Amino acid sequence: MAGQGTPATALLVKRGIAHRTHPYRVAPDAPNYGALVAVALGVAPERVFKSLVTAVDGALTVAVVPVTGELDLKALAAAVGGKRAVLADRAVAERATGYVRGGISPLGQRRRLPTVLDESALDLPTIYVSAGRRGLQLELAAADLVALTDARTAPLQTH
């Protein structure tokens, strides 16, 4: 689709990974943004994942979790062998990834960060993650996301 290229979509095309892009319209400051994205796309909310930049013992790490739950910071720290995880400052996250908040993709980041994907993704035929800008989601197989990001999988969400 012309005009929809991002570093994330460019990476998928370059590697020949099957994917689809899905534009949507949701106000960036809307409460429960992720659930509204799922509604806009007409998909089950557990298939839509958010990418959260965190700091685990000071090292930036990306957690990819369903929009239906919250990130369990203790579980994330344990998954990467750390002691303490906190959400990264917005400016730090944007600078490290090259994306703006609300459009941070786990793919095609400026600086490739360690990534942990919630294990629930492995039970789904495809998942949706940000394509690298607000208003555009990528649909791809979780196994392809794991392979491209060298991600670990672990239970990361609280309900």
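These notebook entries record what I looked up in a predicted model of one protein chain.

**Entry 1. Ground rules**

I took the model as predicted, with local features needing pLDDT of at least 70, side-chain atom pairs counting only at pLDDT 80 or more, and totals for chains, interfaces and linings using all residues. I numbered residues from 1 along each chain as its sequence is written, and side-chain values use heavy atoms, with hydrogens and water left out.

**Entry 2. The whole chain**

I began with the secondary structure and noted five helices and ten strands. Helices (H or I, at least four residues) and strands (E, at least two) are DSSP runs, numbered from the N terminus.

I then looked up the overall dimensions. The C-alpha atoms fill a box of roughly 45 × 30 × 30 Å along the principal axes. The radius of gyration is 14 Å, which agrees with the value near 15 Å for a compact globule of 159 residues. That radius is taken over C-alpha atoms, and the globule rule is 2.2 Å times the number of residues to the power 0.38.

For burial, I used under 20% relative accessible area as buried, over 50% as exposed, and partly exposed in between (1.4 Å probe, protein chains only). On that basis, 51% of the 159 residues are buried. The accessible surface comes to about 8000 Å², and carbon and sulfur atoms hold 53% of that surface. These areas come from the Shrake-Rupley method with a 1.4 Å probe; for residues, only the protein chains shown count as cover.

I also looked up contacts, meaning heavy atoms within 4.5 Å. Of the contacts between residues at least 6 apart in sequence, 62% join residues at least 24 apart.

Finally, I noted 18 positive and 13 negative side chains, with the centres of the two sets 8 Å apart. Lys and Arg count as positive and Asp and Glu as negative, while His and the chain ends are not counted. Each charge is placed at NZ of Lys, CZ of Arg, CG of Asp or CD of Glu.

**Entry 3. Helix α2 and its flanks**

I looked up the buried residues of helix α2 (residues 33–41) and found Tyr33, Gly34, Val37, Ala38 and Leu41. They cover an arc of only 145 degrees around the axis, so they lie on the same side of α2. The arc is that of the directions from the helix axis to the C-beta atoms. An α-helix has 3.6 residues a turn, so residues three or four places apart point the same way. The packing partners of the buried α2 residues are β1 (20–23), β7 (127–133) and β8 (136–140).

Before the helix, I noted Asn32 in the loop between β1 and α2. Asn32 has a positive phi of about 60 degrees although it is not a glycine, and it is exposed at 56% relative accessible area. Just after α2, Gly42 has a positive phi of about 70 degrees.

Further on, Ala44 sits in the loop between α2 and β2 (49–56). Ala44 is partly exposed, at 29% relative accessible area. Its C-alpha atom is 10.0 Å from that of Ile127, which is 83 residues away along the chain.

**Entry 4. Helix α4 and strand β3**

In helix α4 (residues 90–97), I found Ala93, Ala96 and Thr97 buried. Their arc about the axis is 85 degrees, so they line one face of the helix. The buried residues of α4 pack against β2 and β3.

I followed this to Leu60, which lies in strand β3 and is buried at 14% relative accessibility. Beyond its neighbours within four places in sequence, the contacts of Leu60 include Val53, Ala88, Val92, Ala96 and Leu113. Leu60 and Val92 are 32 residues apart in sequence, and their C-alpha atoms are 9.1 Å apart.

**Entry 5. Helices α5 and α1**

The buried residues of helix α5 (residues 142–149) are Ala142, Leu145, Val146, Leu148 and Thr149. I recorded their packing partners as α1 (7–15), β3 (59–66), β6 (115–118), β7, β8 and β9 (152–154).

After α5 comes Asp150, in the loop between α5 and β9. Asp150 is not a glycine, yet its phi is positive, at about 60 degrees. At 61% relative accessibility, Asp150 is exposed.

In helix α1, I looked up Val13. Val13 is exposed, with 59% relative accessibility. The C-alpha atoms of Val13 and Gly108 are 11 Å apart, with their positions 95 residues apart in sequence counted as their separation.
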